[in-house]
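Work through the exercises below with the sequence and the model open. Each task is followed by its solution.

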Amino acid sequence: MVLEEGLSIEKKLEILSDAAKYDVACTSSGMQREGKAGELGNSVAAGICHSFSADGRCISLLKVLFTNECIFDCKYCINRSSNDVPRASFTPKELCELTIGFYKRNYIEGLFLSSGILHTPDYTMELICQTLRMLREEYHFRGYIHCKAIPGANPLLVEYAGWYADRMSVNLELPTNEGLRQLAPHKSRKSILTPMRQIQAGIAESRQLLGFKGGNYGAFHFTRQAAGLPYRPEPAIPEKRKEGNHAIVGIDSETTSVERTGRELRLSLLESVGRPTGRGFAAAGQSTQMIIGATPETDYQLVSVAEALYQKFELKRVFYSAFVKVNEDAMLPDLPGGPPLLREHRLYQADWLLRYYGFAAGELLTEKRPNFNAVLDPKCDWAVHHMELFPVEVLQADYFLLLRVPGIGPKSAKRIVEARRSGSFSFEALKKMGVVLKRAQYFITCGGKTLGHLHLDETYVTQSLMLNEKLPKNLQDALYGRQMSLFELPAFTAEAG
Amino acid sequence: MEKKYIYRCEDSVEGILTGIYDAWASVHRHEENRIEVCRDEWEVPLLFAEYTDVVPDAEKSEKVQRSVRLRVSEEAYEMMMKAVLSGDPEKGEVIYRFLIYAFREGARAGRSYGNPWVMRLFEIVRNFDNESHHLKGFLRFDEQENGLLLARYAPKNNILGDLMEHFSDRMNGESFMIFDEKRRIAGVYRPGTVWFVYRLNEEEYRAFSEAYTQEDTYSALWKIFHRKIAIAERENASLQRNNLPLRFRPYMTEFRTS
């Protein structure tokens with residue numbers, strides 16, 4: 001192992017993994033690639049978790065920063081330039097040896113490389129590119145690589161990285177321009193969305209030219225397609241654009257100009273970059289992450305932004321990261337109850353509803369009801385407000401109607417559809433198929449029968465669901481820390497009926 | 001009490017499928033037959049039962065496999081073969097009951113989850129697949145002095161074939177061995193050859209158990225990484241335990257002390 005002068009590799013790894021831990025995404029999914037003689041590694045579409053850390057999060061990739069030096073001063077970030085923390089940088093060779101050494105022992109599925117900004121965005125992005133190239137071409141590494149595009153880096157370098165990486169991501173960080181201005185003064189909507197658009201175009205082009213190399217369409221795409229829902233709707237309504245700092249409109253209003261720049265950039269780049277085409281361009285798709293609770297956006301804004309990212313940027317995943325206050329700064333909120341984990345949990349639930357269930361953001365929340373219910377999950381909350389659609393007869397309802405029932409998910413809905421071809425079945429069988437009856441029982445009939453007394457009353461069902469609901473313990477704490485009382489539950493606030 | 005005819009089979013593909021073949025070919029009704037797979041533990045014999053010790057027969061086993069592929073489906077065949085390798089004590093009986101249903105129902109049988117035997121088989125297969133998927137991530141190799149990568153584990157299901165397929169593709173340039181402590185079998189791969197599985201004798205078993213653990217630079221670095229990547233403010237041992245059950249940890253580098 002080659003060491004850089006000064007810090008030992010142990011010390012560097014300590015600093016640069018510690019500095020990378022706030023990045024959420026550690027998934028290694030979206031790419032199916034067989035091994036090849038003379039190379040090390042393959043990739044499994046479903047992704048593989050190799051371990052779980054003390055916080056219960058999955059470890060799939062060697063998630064490190066190239067460097068935690070940074071010229072930016074983002075107020076929420078531990079590596080902000082004004083912080084006095086120990087700094088370190090890997091060399092490309094050190095990172096390659098670490099990745100290979102870990103991979104051979106089956107510690108990891110691959111590398112997730114992010115970075116602070118050393119000298120300039122270009123300088124940093126170039127080091128990242130060097131590392132990826134070395135790993136692929138000199139170490140013949142065929143495993144998974146997730147790589148961050150540094151906002152503000154030359155598009156040529158982003159392009160270069162995309163041909164070596166399986167997944168690319170650019171962190172949106174904060175969902176509104178205003179939020180960015182306050183907390184990340186060196187970043188802008190434009191510097192984030194431009195590479196995002198470029199990566200989207202790269203993926204689409206590589207798909208067209210080279211075929212479907214990985215799972216570069218996300219679940220959102222497939223669900224919308226299967227449900228016959230519009231995937232890429234008409235551009236935003238013009239008058240809304242004037243409202244300025246509005247999360248949802250924010251993305252819309254920038255779409256046209258960013259889209260155009262993205263395409264022009266790509267046209268000019270296509271000729272100049274030598275492309276290793278065996279893998280495709282970021283063929284496992286693109287993801288992003290938003291910090292939750294550092295700025296005052298509502299859940300409605302966040303979910304709408306996520307939806308817009310899936311719709312317009314064809315992202316594979318949007319990740320949500322409960323804000324952990326690591327810096328003292330007047331601009332940052334106090335979080336006496338700790339990171340907003342329950343809120344993060346609800347956002348992930350809603351994200352699943354968008355991607356796998358065919359829900360639209362506007363069905364889950366509205367401007368008038370902009371935040372998730374603390375006690376009921378988003379789907380139960382939706383269902384108790386739509387009692388007129390129930391009960392659903394499970395032996396007859398189509399797949400997407402089944403998915404609307406609390407307690408029925410994509411897996412159990414598919415099993416129901418398969419199983420009923422061979423005849424009817426019981427509630428007991430439904431349970432074994434994975435249906436959570438303690439939720440579903442208020443909304444279904446099975447062969448005309450009900451499980452117990454079916455009483456389609458919003459208040460009754462809401463209260464019954466609440467009694468049955470048990471949040472994970474760490475989230476219970478989060479719940480009581482939040483000023484959300486029983487009186488805010490739909491049963492108490494909605495009109496009777 | 002109705003008399004039962006119990007077919008006791010060796011715990012192998014041939015043993016179990018021969019048992020099913022013999023039961024099927026017998027003069028008894030299906031309801032009177034039962035398939036039992038031999039385990040190490042002492043089992044209390046049933047009073048009103050006639051026991052037959054099944055003699056494994058490659059030809060009978062082949063016949064069962066062929067009929068399932070032809071008359072039911074490839075999917076049902078795959079389910080059956082995984083169930084045979086599973087650690088479920090009732091697997092023989094479940095496969096037998098499933099096949100009775102499947103030969104009647106045809107190609108759909110593998111997904112007729114309303115039938116309790118299909119569901120039982122499905123659960124066994126799911127458990128097999130889940131464990132196999134888990135261990136593709138949780139298995140740990142230690143590099144021996146001669147460069148050999150050696151892994152040790154004790155899974156509930158016999159997933160060694162799955163793992164050998166996976167790792168011989170992934171690490172086709174490395175020599176490695178995976179050692180199943182519970183079944184005392186080992187999978188071996190060398191670059192340029194086809195992997196194989198063999199049963200360890202007492203001496204080899206002891207040698208493997210002892211020579212195994214090798215701490216090196218990378219194992220030390222991995223422990224550092226594993227510790228540093230956790231967010232203290234989010235510490236959550238029960239979530240960690242749900243995702244990574246304790247039974248896997250004795251074999252995992254990052255949970256090894258010293």
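**Exercise 1. Polar pairs and salt bridges**

Count the residue pairs in polar contact across the interface of chain A and chain B.

Solution. The rule finds 30 such pairs, both residues at pLDDT 80 or more. A polar contact is a pair of N or O atoms within 3.5 Å; within protein, one must be able to donate a hydrogen and the other to accept it, and residues adjacent in sequence count only if both atoms are side-chain atoms. Next, the salt bridges: seven cross this interface. The criterion is a side-chain nitrogen of Lys or Arg within 4 Å of a carboxyl oxygen of Asp or Glu. One salt bridge joins the side chains of Glu418(A) and Arg111(B), at 2.4 Å from N to O.

A note on the input. This is a predicted model, where local features need pLDDT of at least 70, side-chain atom pairs count only at pLDDT 80 or more, and totals for chains, interfaces and linings use all residues. Residues are numbered from 1 along each chain as its sequence is written, chains are lettered from A and ligands numbered from 1 in the order in which they are written, and side-chain values use heavy atoms, with hydrogens and water left out.

**Exercise 2. Extent of the interface**

State how many residues each chain brings to the contact, and the area buried.

Solution. Chain A gives 62 residues and chain B gives 55 (contact: heavy atoms within 4.5 Å). The buried area is about 5,100 Å², with 58% from carbon and sulfur atoms. Buried area is the accessible area (1.4 Å probe) that two parts lose on being put together, summed over both. Phe52(A), Arg105(A) and Tyr107(A) supply 14% of what chain A buries against chain B, more than any other three residues.

**Exercise 3. The open sheet of chain A**

Give the strand order, then explain why strand 3 and strand 8 each have one side without a neighbour.

Solution. Six strands pair in parallel, in the order 3-4-5-6-7-8 (strands are DSSP E runs of at least two residues, numbered from the N terminus; pairing needs at least two bridges). Strand 3 and strand 8 (317-322) of chain A stand at the edges with a single partner strand each, so one side of each lacks a neighbour in the sheet. The twist averages 20 degrees from one strand to the next (axes are lines fitted to C-alpha atoms; angles run from 0 to 180 degrees between N-to-C directions). Strand 3 joins strand 4 (residues 110-114) of chain A through five bridges. There, Leu65(A) stands opposite Ser114(A).

**Exercise 4. A hairpin in chain B**

Describe how strand 7 and strand 8 of chain B pair.

Solution. Residues 185-189 and 196-199 pair in the antiparallel sense over four bridges. Ala186(B) has Tyr198(B) as its bridge partner. Six residues lie between the strands, and Gly192(B) takes a positive phi near 85 degrees in this hairpin.
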